[in-house]
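Trainee: I have a model to go through and would like to reason about it step by step. Could we look at it together?

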Amino acid sequence: MSRFRDALERGEFVITGEIAPPLGTDLAAMRRSIETIGPHCHAINITDNQGASLHLSSLAASRVALEMGFEPIFQQTCRDRNRLALQSDLLAAWTLGLENVLMVTGDDPRGGDHPQTKGVFDLDSTQLLGVAAGMNAGHDMIGRPLKGGTDFFLGAAMFPEAEPWDMQLLRATRKVEAGARFFQTQAIFDVSKLERAVTALRPLGAKIIAGVLVLRSARAVDFINERLAGLMVPEKIGSRIKRAGDPAAEAIALATEQVRAAREIADGVHLMTLGLDEAVPRIIAGAGLG
Amino acid sequence: MIITRPRDWGRIKDNLAEVGAERVFIMGCGQCATVAGTGGEKEVLQAKTALEQAGFSVTGWAVGEVTCHSGGTKLETRKHYGDLQAADAVLVLSCGAGVQTVADAVSKPVLPGLESVFLGNVVRHGVFEERCQMCGDCVLDKTAGICPVTTCPKGLLNGPCGGMWNGMCEVLTNRECTHVRIQRRLAEQGRGPMGVLPPKDYSKKLKPGSVNLRESKKGGVR
């Protein structure tokens, strides 16, 4: 059984981290990242062609994390595969021992490093959750019985700060109905917005893991505001990082405050370090979660 | 032109029931749907009869000149203001572009009466074939004026695939393989065999497409 699932279901406050697999076959740097953040996390998200840019597959990299003794959250985007490939990879994931899956729609290809590619989007993330829930019930998406089923712990993404909120809430509710048992949120900047998400979604039986972003530099703030879809760093927070003598240290201090605040509200935190892996143990120690 | 076919009648009735419609206004299209024999005056009147036989009342009908034309359709809806006001819903016998134009012009529920299927060549009266996908990245210069993206069921740029048999298509077994046709026409024209075409640039097919000739005068066409 997934330890991550077990911890969440027991009501433990969970910590998740995030790793992007390499562009290439040299796994050394990825292993180092996993070793740095793994011991401090209940599970590590392994991204799937993050930012619509080519990386080694999440399937293989998730297996590497598992073999290293850490629990991965296998991410699947709808952008790069049709329903045959998605289902086939889900079956593969289960046989490889991957129990946690996060389903996301995926960024538009034109924002990535292969802008000429065709975005597949045969299914969307809500539909894909339904497909995986069907596999947990022993059948594929056309209803044929599986010879050996799955028991995935299914997760989805959501953005508590997105407006209009009623649309965002409806979409999140549909994801729970389709099979999502946990949400990992987009970066939180306003705790009251996190609170409204938890208040609305917890009664439906979903766990909420609050996204915390380590805004490691002024460049990171600008990159997010200019390039990342659906995310804006509020002026007050952006200027706090930009004015700091040591922006990375300030970012860690800010993330630590956010983790403390999230602890009072959510079921866990998801730390997105933008590559600053050593921030994870410092934030966790600083927030008193070590 | 845009080729349409009638939408499943049961589905249309279900759609009307879903919005609680009892009184219906019907809108056709004087352009493509008239030529395709799906949304002209004749078909609009057939739909009227069918609706009435199914227990609906029809408050009125119109066949706009070009239903996908925003200005024309707005004018048409103004001409039929009273009949539209009396209706619970509008059934549109045109392509999806026309349905959306009507939906923008009236505040009632607007429902599709046809399925839009392809951009069609008129081979002869009443015979239409799909030849172009409007992909935004044309290869007809290399393929002897035969589009493999459209006329190969797999849309392969480089073929034939392993399913070709005696020059015939694997999927549409009564049709010659598109790639066989391309090579033959190239040879007939004294052009060498086609080289390998590179992967397509799907970013050229930016959705939703938009062209603004007024903007283009300032150099801003997309």
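Trainee: How far apart do the C-alpha centres of domain 1 of chain B and domain 2 of chain B lie?

Mentor: Bear in mind that this is a predicted model, and that chain B averages a pLDDT of 95, with 97% of the residues scoring at least 70. The domain assignment of chain B places domain 1 at residues 2–118 and domain 2 at residues 135–202. Between the C-alpha centres of these two domains the distance is 39 Å.

Trainee: Is chain B as a whole a compact globule or more spread out?

Mentor: Chain B contains 9 helices and 7 strands. For its 222 residues the globule rule gives 17 Å, and the radius of gyration, 22 Å, is well over that value, so chain B is not described as a compact globule. The C-alpha atoms fill a box of roughly 65 × 50 × 30 Å along the principal axes. On the radius of gyration, then, the answer is that chain B is more spread out.

Trainee: How many residues of chain B are in contact with chain A?

Mentor: For the complex, the predictor gives an ipTM of 0.85 and a pTM of 0.92. On the chain A side, 5 residues take part in the contacts, and on the chain B side the number is 4. Those residues of chain B divide into 2 nonpolar, 1 polar and 1 charged.

Trainee: Which residues of helix H1 of chain A are buried, and why do they line one face of the helix?

Mentor: Helix H1 of chain A covers residues 3–10, and its buried residues are Phe4(A), Arg5(A) and Leu8(A). Seen down the axis of H1(A), these buried residues fall within an arc of 95°, which is why they line one face. In general, residues three or four places apart in an α-helix point the same way, because there are 3.6 residues a turn. The residues asked for are therefore Phe4(A), Arg5(A) and Leu8(A), within that arc of 95°.

Trainee: Is Met134(B), with its positive phi, buried or exposed?

Mentor: Met134(B), a residue other than glycine, has a phi near 55°, and it sits in the loop between strand E7 (127–130) and H7 of chain B. Asn49(A) also has a positive phi, near 45°, but with 23 other C-beta atoms within 10 Å it is buried. Met134(B) has 11 C-beta neighbours inside 10 Å, and therefore counts as exposed.

Trainee: Which peptide bond of chain B, leading to Pro160(B), is cis?

Mentor: Pro160(B) lies in the loop between helix H7 (148–151) and helix H8 (178–188) of chain B. With omega near 0°, the cis bond is the one from Gly159(B) to Pro160(B).

Technical notes
Residues are numbered from 1 along each chain as its sequence is written. Chains are lettered from A and ligands numbered from 1 in the order in which they are written. This is a predicted model: local features need pLDDT of at least 70, side-chain atom pairs count only at pLDDT 80 or more; totals for chains, interfaces and linings use all residues. Domain bounds come from an automatic or database domain assignment. A residue is buried if 20 or more other C-beta atoms lie within 10 Å of its own, exposed if 12 or fewer, and partly exposed in between; C-beta atoms are placed from the backbone. Helices (H or I, at least four residues) and strands (E, at least two) are DSSP runs, numbered from the N terminus. The arc is that of the directions from the helix axis to the C-beta atoms. pLDDT is the predictor's confidence in each residue, from 0 to 100. Two residues are in contact if their C-beta atoms, placed from the backbone, lie within 7 Å. Ala, Val, Leu, Ile, Met, Phe, Trp, Tyr, Cys and Pro count as nonpolar, Asp, Glu, Lys and Arg as charged, and the others, Gly among them, as polar. The radius of gyration is taken over C-alpha atoms; the globule rule is 2.2 Å times the number of residues to the power 0.38.
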